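Q: I'd like to go through this model and ask, for each label, what earns it. Can we start with the helices and then look at the ligands?

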Amino acid sequence: MKGKVLVTGGTGYIGSHTAVELIDHGYDVVIVDNLSNSRMDVLEGIEKITGVKPGFKKFDLCDYNLLDAFFDENQDIAAIIHFAASKAVGESVEKPLLYYRNNLQSLMNMLELMEKYKIPNLAFSSSCTVYGQPEKLPVTENSPILPAESPYGNTKQISEEIIKDTLNSNRKLNAISLRYFNPVGAHNSGAIGELPIGVPANLVPFITQTAAGLRSELSVFGDDYNTPDGTAIRDYIHVVDLAKAHVVAVERMTEQRQKAPYEVFNLGTGNGFSVLEVIKAFESSTDEKLKYKIVDRRAGDIEQVWADTTFANNELGWKAELDLPAMMSSAWKWQQHLMENRSKYLSE
Ligand code: NAD
Ligand code: WQD
């Protein structure tokens, strides 16, 4: 067994897929989550895939005393992957203080207690949102950080600064910020995926719910962008590829292969796809027809972004392998699992 890894937000979408990959690579995984945006039975999904049920503790990371007590009982943690955060861009505009408190307080508690318990390694979930609409594409890790378009985006920028400043003051800490582009898809087993709480804001859950008949049609937000087909372009990355990058980041930190105490990596495929291309890929990989209409642009959306992944490819030795059809077919498989277990998911 390799070391113990704390996965905060580990019953969530990306955290659960990462827990699977960590367990498959021999790590001892312990999850902390307050279940504010996930369900306890995700643990069964992880166990179904890996044969191992990870350790789990339910509490709010903003509660310093509870986190202190947790670390006191788990002093053998080798690394932390900090996924836990509130993540809905629109909601963050409505409830900025909730976002600042949840995303920043939890991180500051974590850093303070990492110092106290001498836990040296932190991987942090950042986002391509820190780049806004870049002037030059693709975006490298050195592209300018533009003023955040939402309180959510601002929490990611501030979080990176908090981590950097803390590392500057304590040379025993190491961290890696991973800037995700657009994570989509689900584990190919169909046992874990993204949970549909409320109306999805993101494209792919909206597509799968529409194809499943839960929504009458998909609205495509704008076809007048300066792109080949007029719809906006993003770098969609399969959540399993993303999860694998976290294992590599943990190995890099625990095996002391970092070139600097603080490193930042873009995690994307390096390819941009338009909304219409995503719809076509969904239709051809699932044989489902999708009803959609073009509507106005969504406020706050950028036109196009995709990652330069050279640094992650060369330094981490990691590369996204799964293509858009694999992202779409796995997302559809997960939607079918949700439909088959509708009573369970709708009853609570
Ligand atoms: P998610 O909501 O599925 O998972 C986050 C988990 O954290 C949830 O299970 C939630 O219950 C938990 N949580 C939130 N606040 C908590 C707290 N105070 N204490 C304990 N648990 C708490 O989200 P996700 O899509 O898996 O995202 C994971 C991370 O990646 C987040 O930090 C998010 O901002 C970041 N990210 C996500 C995306 C994306 O599109 N999904 C893109 C870029 C970055
Ligand atoms: C993708 C594309 C929409 C829904 C968000 C956050 C970002 C990061 C990833 C966390 C866009 C279009 C969408 C729909 C549509 N999250 N779309 N109809 O906006 O790129 O990024 O998630 O860090 O910070 O902002 O993702 O999935 O919402 O949209 O046409 O019903 O699909 O306009 O072009 P986005 P998304």
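A: Sure. One definition to begin with: a helix axis here is a line fitted to C-alpha atoms over the stretch in contact, and the angle is taken between N-to-C directions, on a scale from 0 to 180 degrees. Keep in mind that this is a predicted model.

Q: With that in hand, what is the crossing angle of helix α3 and helix α5?

A: Roughly 35°, with the axes of α3 (residues 64-73) and α5 (residues 96-117) coming within 10 Å. The crossing is right-handed.

Q: What makes α3 and α5 a contact, and which residues of α3 take part?

A: The test is heavy atoms within 4.5 Å. On the α3 side the residues are Tyr-64, Leu-67, Asp-68, Phe-71 and Asp-72. They meet Asn-109, Met-110, Glu-112, Leu-113, Lys-116 and Tyr-117 of α5.

Q: How many residues of that α3 and α5 contact are charged?

A: Four are charged, alongside six nonpolar and one polar. Tyr counts as nonpolar in this scheme, so Tyr-64 and Tyr-117 go into the nonpolar group.

Q: Which way does α1 pass α2, right-handed or left-handed?

A: Right-handed. The axes of α1 (residues 13-24) and α2 (residues 42-50) come within 10 Å and cross at roughly 35°. From α1, the contact uses Ser-16, Ala-19, Val-20, Ile-23 and Asp-24; from α2, it uses Val-42, Ile-46, Ile-49 and Thr-50. By class that gives six nonpolar, two polar and one charged.

Q: On to ligand 1. Why is the pair between Asp-33 and ligand 1 called a polar contact?

A: The cut-off is 3.5 Å between N or O atoms. A polar side-chain atom of Asp-33 sits 2.6 Å from an oxygen atom of ligand 1, so the pair qualifies. Lys-87 passes too, with a side-chain N or O atom 2.8 Å from an oxygen atom of the ligand, and so does Lys-156, where the distance is 2.9 Å.

Q: How much of ligand 1 does the protein bury?

A: It buries 95% of the 820 Å² that ligand 1 exposes when taken alone.

Q: What surrounds ligand 1, and which element gives the most?

A: The shell has 27 residues, and the closest are Asp-33, Asn-37, Ser-38, Asn-102 and Tyr-152. β5 (121-127) gives the most, with three residues. By class the shell has twelve nonpolar, eleven polar and four charged residues.

Q: And ligand 2: how do you know that Tyr-152 makes a polar contact with it?

A: Same kind of check: a polar side-chain atom of Tyr-152 is 2.6 Å from an oxygen atom of ligand 2, which is within 3.5 Å, so the label holds. Ser-127 meets the cut-off with a side-chain N or O atom at 2.7 Å from a ligand oxygen. Phe-221 uses a backbone N or O atom, 2.9 Å from an oxygen atom of ligand 2.

Q: What share of ligand 2 does the protein cover?

A: 88% of the 680 Å² of accessible area that ligand 2 has on its own.

Q: Which residues and elements line ligand 2?

A: 19 residues surround it, the closest being Ser-127, Tyr-152, Ser-219, Arg-234 and Asp-301. α7 (203-211) and β8 (218-221) each supply at least two residues, and β8 gives the most, with four. The shell splits into eleven nonpolar, five polar and three charged residues.

Technical notes:
Residues numbered from 1 in each chain as written. Chains lettered and ligands numbered in written order. Predicted model: local features only at pLDDT ≥ 70, side-chain atom pairs only at ≥ 80, totals over all residues. Heavy atoms only, no water. Left-handed = near helix turned anticlockwise from the far one by under 90°. Near = heavy atom within 4 Å. Polar contact = N/O pair within 3.5 Å; in protein donor to acceptor, adjacent residues only side chain to side chain. Areas by Shrake-Rupley, 256 points an atom, 1.4 Å probe, with all protein chains shown as cover.
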